[in-house]
Every structure is written in structure tokens, then in C-alpha cells.
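Please open the model in a viewer and keep the selection panel at hand. The tour proceeds by selections, each followed by a description of what is found there.

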Amino acid sequence: MKSFNSTMLIEDDKINAVLSKRLLEKFLITNGIFIVPNGEEALKFIVNYDPDFNTCPELMFVDIDMPVMDGFSFLESFEELSFLNKEKVQIVMLTNSSRPDDIQHCKDLGVKYFLNKPLTEDKIKGLLDEF
């Protein structure tokens, strides 16, 4: 089974964040799970995650609709970052949106995985099969 150095949940809804974290912990696929409430905090976390900026969490679940900085703005800013092993980062858009234009926007930003909330065991298993 694929294992990740750490996982970040970029989610402003505390209940969804806690439930997703518990579910991910059950699968033992990551060494740590971090929750941040918006894209701006996620970028700060990534820059401070590794002092040498050689890596960041290898698995990220990103919500679209968040205050301060939404998921799309986060992805655009994340794309501008440069660090070693960036190609190992798997980004999953985990959102309530099922609008075709949101799905297409994710694809345009290079996101391969788009899931609707809530995160479930079957959805995690499906992702792990794809990874």
C-alpha cells in the first residue's frame, strides 16, 4: 500500500476535517495529518514544513470553497512554488461542488483527482488503487 510522508487537509469546515482525518488515520497511509482552514494557511504551512524546502506533505485534500483563499487560488499559488520532489505530491480536490466548470477548472490546474464530500472508506480505497 502506498505510504505518504504526511497528509494535509485544507478544509474550513471543522467537522468535515476531523471526520476525514479519522478516516485517513484508519488506513495508516501517512506519518502525520495536518489540518489548515484555508489556502493561505496551507501555503504558509508548506513553506515552513521543511526548513530546506525540499519537500511538503505528499498528499493534499483541497476544498474549493473556503474563506481567505479558496482552493483554486491555492492551486495557482502552489504551482508557482519550487521545491525538490514536488512531482510526488498528490492533490485531491475534495469538495461539495459537482459543477462541471469546477471539475474542468481542476483539470486545467493539473488536478487528477476530484471527489465529492464526504470522504469515505470506498473513496480512499479508490484513490489508493489509482496511486
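The stops below cover the nonpolar cores, a cavity, a pocket and two individual residues. The model is a predicted one.

**Stop 1: the largest nonpolar core**

Begin by selecting Ile10, Met60, Phe74, Phe78, Ile91 and Met93. Within the largest nonpolar core, which has 22 residues, these are the members that touch the most other members. Next, colour the elements β1 (7-10), α2 (39-49), β3 (59-62), α3 (71-80) and β4 (90-95), each of which gives two or more residues to this core. Which element gives the most to this core? The answer is α3, with four residues.

A second core, of 17 residues, lies apart from this one; Leu24, Phe27, Ile29 and Val92 are among its members.

**Stop 2: Met93**

Return to Met93 and display its surroundings, omitting neighbours within four places in sequence. On one stretch of the chain, its contacts include Val62, Asp63 and Ile64. Further contacts of Met93 include Gly71, Phe72 and Leu75. Later in the sequence, Met93 is also in contact with Cys106, Val111, Tyr113, Phe114 and Leu115.

**Stop 3: the cavity**

How many cavities of 30 Å³ or more does the structure hold? There is one, and the volume of the largest cavity is about 40 Å³. To see its lining, select Leu9, Ile10, Glu11, Asn16, Ala17, Ser20, Phe61, Val62, Asp63 and Leu94. At least two lining residues come from each of β1, α1 (14-27) and β3, and α1 gives the most, with three residues. Coloured by residue class, the lining of this cavity shows six nonpolar, two polar and two charged residues. Two residues met earlier reappear here: Ile10, from the group selected in the largest core, is part of this lining, and Val62, a contact of Met93, also lines the cavity.

**Stop 4: the largest pocket**

Now move to the largest pocket, which holds about 260 Å³ of space. Its lining comprises 13 residues, and those closest to the centre of the pocket are Phe78, Glu79, Val89, Ile91 and Gly110. Both α3 and β4 supply at least two lining residues each; the largest share, three residues, comes from α3. By class, the pocket lining consists of seven nonpolar, two polar and four charged residues. Phe78 and Ile91 deserve a second selection: they were among the residues picked out in the largest core, and they also belong to the group closest to the pocket centre.

**Stop 5: Thr30**

Select Thr30, in the loop between α1 and β2 (33-36). Is this residue buried or exposed? Thr30 counts as buried because its relative accessibility is 16%, under the 20% cut-off. Its side chain makes a polar contact of 3.1 Å with the side chain of Thr7. A polar atom of the Thr30 side chain also lies 3.1 Å from the backbone oxygen of Gly32. Beyond four places in sequence, Thr30 touches Phe4, Asn5, Ser6 and Thr7.

**Stop 6: Phe34**

Finally, select Phe34, which is in strand β2. With 30% relative accessibility, Phe34 counts as partly exposed. Add Leu9 and draw a distance between the two C-alpha atoms: the separation is 6.1 Å, although the residues are 25 apart along the chain. Outside four places in sequence, Phe34 is in contact with Ser6, Thr7, Met8, Leu9, Phe45 and Tyr49. Of these, Leu9 also lines the largest cavity, and Thr7 is the side-chain partner of Thr30 described at the previous stop.

Note on methods. Residues are numbered from 1 along each chain as its sequence is written. This is a predicted model: local features need pLDDT of at least 70, side-chain atom pairs count only at pLDDT 80 or more; totals for chains, interfaces and linings use all residues. Side-chain values use heavy atoms; hydrogens and water are left out. A nonpolar core is a set of buried Ala, Val, Leu, Ile, Met, Phe, Trp, Tyr and Cys residues joined through side-chain atoms within 4.5 Å. Buried means under 20% relative accessible area, exposed over 50%, partly exposed in between (1.4 Å probe, protein chains only). Contact means heavy atoms within 4.5 Å. On a 1 Å grid over the protein atoms alone, a cavity is a set of points where a 1.4 Å probe fits but cannot get out, and a pocket is an open set with protein on both sides within 12 Å along at least five of seven lines; lining residues have an atom within 4 Å of a point. Grid points are joined across faces, edges and corners, and a volume is the space filled by probe spheres set on the points. Ala, Val, Leu, Ile, Met, Phe, Trp, Tyr, Cys and Pro count as nonpolar, Asp, Glu, Lys and Arg as charged, and the others, Gly among them, as polar. A polar contact is a pair of N or O atoms within 3.5 Å; within protein, one must be able to donate a hydrogen and the other to accept it, and residues adjacent in sequence count only if both atoms are side-chain atoms.
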